[in-house]
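These are my notebook entries on salt bridges, helix packing and surface exposure. Each entry records what I looked up and what I found.

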Amino acid sequence: MLFNSYTFLLLFLPLTLGGWLLLRGATHRSRVCWLAMMSLVYYAWWTPDPSIPWKPTYLFLILGSCVGNFFFGRYLAGHHGPRGKRMLTLGVVANLVVLGWFKYAGFFDKVFLSITGGGLDLPHVILPLGISFFTFQQIAYLVDAFRGETKEYHFTDYLLFVTFFPQLIAGPIVHHKEMMPQFARGEGTGWHRHLPIAFGFMVIGLFKKVVIADHCAAIATPLFDGAAMGERPLTMAEAWTATVGYTMQIYFDFSGYSDMAIGAARFFGIRLPLNFHSPYKATSIVDFWRRWHMTLSRFLRDYLYIPLGGNRKGPARRYLNLLTTMLLGGLWHGAGWTYLMWGGLHGLYLCANHAWHWMQKQWQLPTLPKPVAIGLTFFFAMLAWVPFRAGQYELARNGSASDALRATGSIFASMFGLNGFNGWPDKTDRLVASSEPLKLVPVLIACWLIPNTQQIFRRYRPALTDLPRFPNHRWQWRPTIPFALATVVLMIIIGLSFDKVSEFIYFQF
């Protein structure tokens with residue numbers, strides 16, 4: 001059930017919100033149970049193949065995961081010695097085995113086949129929706145329980161913490177200490193103050209997805225798919241258009257989802273942590289990862305990079321830890337070589353970034369002008385999206401790794417003139433018949449010059465993360481006629497563009 005579907009917008013969300021409002025006079029536990037139950041309905045709605053009768057298999061999977069991890073956490077909260085450490089290891093391994101079977105078994109089967117010439121004859125496994133997100137969320141909970149940082153929670157609070165529908169499918173990866181107190185406290189009064197903020201976030205997020213991201217996809221997708229199928233090498237102009245188009249598509253797709261997640265949660269008086277903060281305005285790759293998928297970056301830092309040793313064991317070990325963390329971060333996004341390539345590129349970028357900072361301090365080098373720093377960061381982040389997008393083709397079309405790697409190599413070659421310094425082909429060419437690259441220009445301008453949604457609504461604390469105030473206060477939302485009219489205009493544009501439902505990119509992870 002996608003956020004940008006009529007089912008969610010006109011049926012599920014109003015029904016869930018209506019039931020929650022009707023229960024305002026009931027006990028707090030009944031309201032938590034209602035949200036948890038509707039979150040499970042939201043999850044169970046998904047079926048991997050509409051032609052196959054619905055089966056509750058994956059509902060049982062997430063319920064079993066929640067029950068198992070809840071009792072693991074209860075045990076770990078009272079055992080912090082060697083016995084607790086062994087139980088923590090068992091709990092983490094159990095979570096990773098489940099994730100590994102569903103997400104990586106097919107990938108390793110292909111690797112084994114390529115090495116030995118004989119596969120493992122594993123059955124075809126369908127990736128359950130959101131399994132990477134709720135697995136990481138619960139691993140963090142187990143580690144914190146062992147550290148003594150959790151409290152005695154009721155199971156329904158824990159179930160809602162894991163399954164709360166705004167963040168269940170594609171994040172943010174929430175922390176128990178952020179969400180549990182909000183669920184326990186409840187939202188008794190002031191719902192009318194949350195409504196306009198929630199509605200504003202939903203409208204802006206939907207606009208980003210339906211109007212901007214999906215139109216960027218119409219430009220980039222035919223070009224990437226053509227490169228993957230090997231129809232012909234892209235021209236230099238096509239390769240750069242495809243790369244910029246996808247760079248903008250994933251930006252507004254993920255930004256739109258993040259806004260809608262914040263808005264959907266805010267309807268119920270819940271604030272989610274910020275997960276997206278104008279990453280293309282970053283002045284370095286380190287800054288980029290403080291802004292892009294912020295809760296995943298936090299998880300990788302706190303539960304992987306720091307336990308590996310972080311920067312405490314010398315420069316060489318720090319660079320190794322950075323590479324390891326980002327390679328595993330790439331593999332988290334998808335079981336494919338191109339995702340490992342994407343993670344490896346960002347690992348190398350981070351190593352280069354830290355080495356540059358060291359050289360600046362050692363040799364008193366000047367700081368790069370901010371526009372130059374932003375441009376360089378954007379350029380290298382954009383290059384890394386090429387293998388990432390090729391990996392999406394492999395997952396979505398069940399293609400081979402060779403298709404994705406060929407597409408990556410072909411596009412890079414075309415971008416840098418190895419396939420010739422050629423421009424845009426004739427409009428009759430099938431690959432570019434639907435592509436209109438000039439439409440990307442206003443999207444790029446908006447990306448850099450317009451404040452993000454969190455800055456527009458900053459005075460109302462839309463998320464748990466506080467942000468610096470945007471210099472131009474006229475951008476900040478207020479309950480006035482001009483802002484109401486702007487919202488209506490956005491809704492009209494969305495309605496005119498709402499011709500089909502497309503998945504959010506991060507749904508497949």
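Entry 1, a salt-bridge network. I looked up Lys-209 and found that its side chain meets that of Asp-253 in a salt bridge, at 2.7 Å from N to O. I took a salt bridge to be a side-chain nitrogen of Lys or Arg within 4 Å of a carboxyl oxygen of Asp or Glu. Lys-209 belongs to helix H9 (residues 191-229) and Asp-253 to helix H10 (residues 236-266), so the pair ties together parts that are 44 residues apart in sequence. Helices (H or I, at least four residues) and strands (E, at least two) are DSSP runs, numbered from the N terminus.

I note that this is a predicted model, in which local features need pLDDT of at least 70 and side-chain atom pairs count only at pLDDT 80 or more, while totals for chains, interfaces and linings use all residues. Residues are numbered from 1 along each chain as its sequence is written, and side-chain values use heavy atoms, with hydrogens and water left out.

The side chain of Lys-209 also meets that of Asp-214 in a salt bridge, at 3.1 Å from N to O. Lys-209, Asp-214 and Asp-253 are thus recorded as a network of salt bridges. Which of these residues are buried and which partly exposed? Lys-209 is buried, at 1% relative accessible area, and Asp-253 is buried at 2%, whereas Asp-214 is partly exposed at 21%. The classes are buried under 20% relative accessible area, exposed over 50% and partly exposed in between (1.4 Å probe, protein chains only).

Entry 2, a second link from H9. I found a salt bridge between Asp-225 and Arg-389, with the closest N and O atoms 3.5 Å apart. This pair links distant parts of the chain, Asp-225 being in helix H9 and Arg-389 in helix H15 (residues 370-396), 164 residues apart. Asp-225 is buried at 8% relative accessibility, and Arg-389 is buried at 7%. A search of the whole structure gave me nine salt bridges.

Entry 3, residues of H4 and H5. I located Asp-144 in helix H5 (residues 131-146) and found it buried, with 0% relative accessible area. Leaving aside neighbours within four places in sequence, Asp-144 is in contact (heavy atoms within 4.5 Å) with Glu-149, Thr-150, His-175, His-176 and Tyr-303. Val-93 is in helix H4 (residues 82-116) and is partly exposed, at 41% relative accessibility. I noted that Val-93 and Ile-139 are 46 residues apart in sequence and 9.4 Å apart in space, C-alpha to C-alpha.

Entry 4, helix packing. I found that helix H2 (residues 28-44) and helix H6 (residues 155-163) pack at an angle of about 35°, with their axes 9 Å apart. Axes are lines fitted to C-alpha atoms, for helices over the stretch in contact, and angles run from 0 to 180 degrees between N-to-C directions. The contact involves residues of H2 including Val-32, Leu-35, Ala-36 and Leu-40, and residues of H6 including Leu-159 and Leu-160.

Entry 5, an exposed residue. I looked up Leu-449, which is in helix H17 (residues 440-449). Leu-449 is exposed, with a relative accessible area of 61%.
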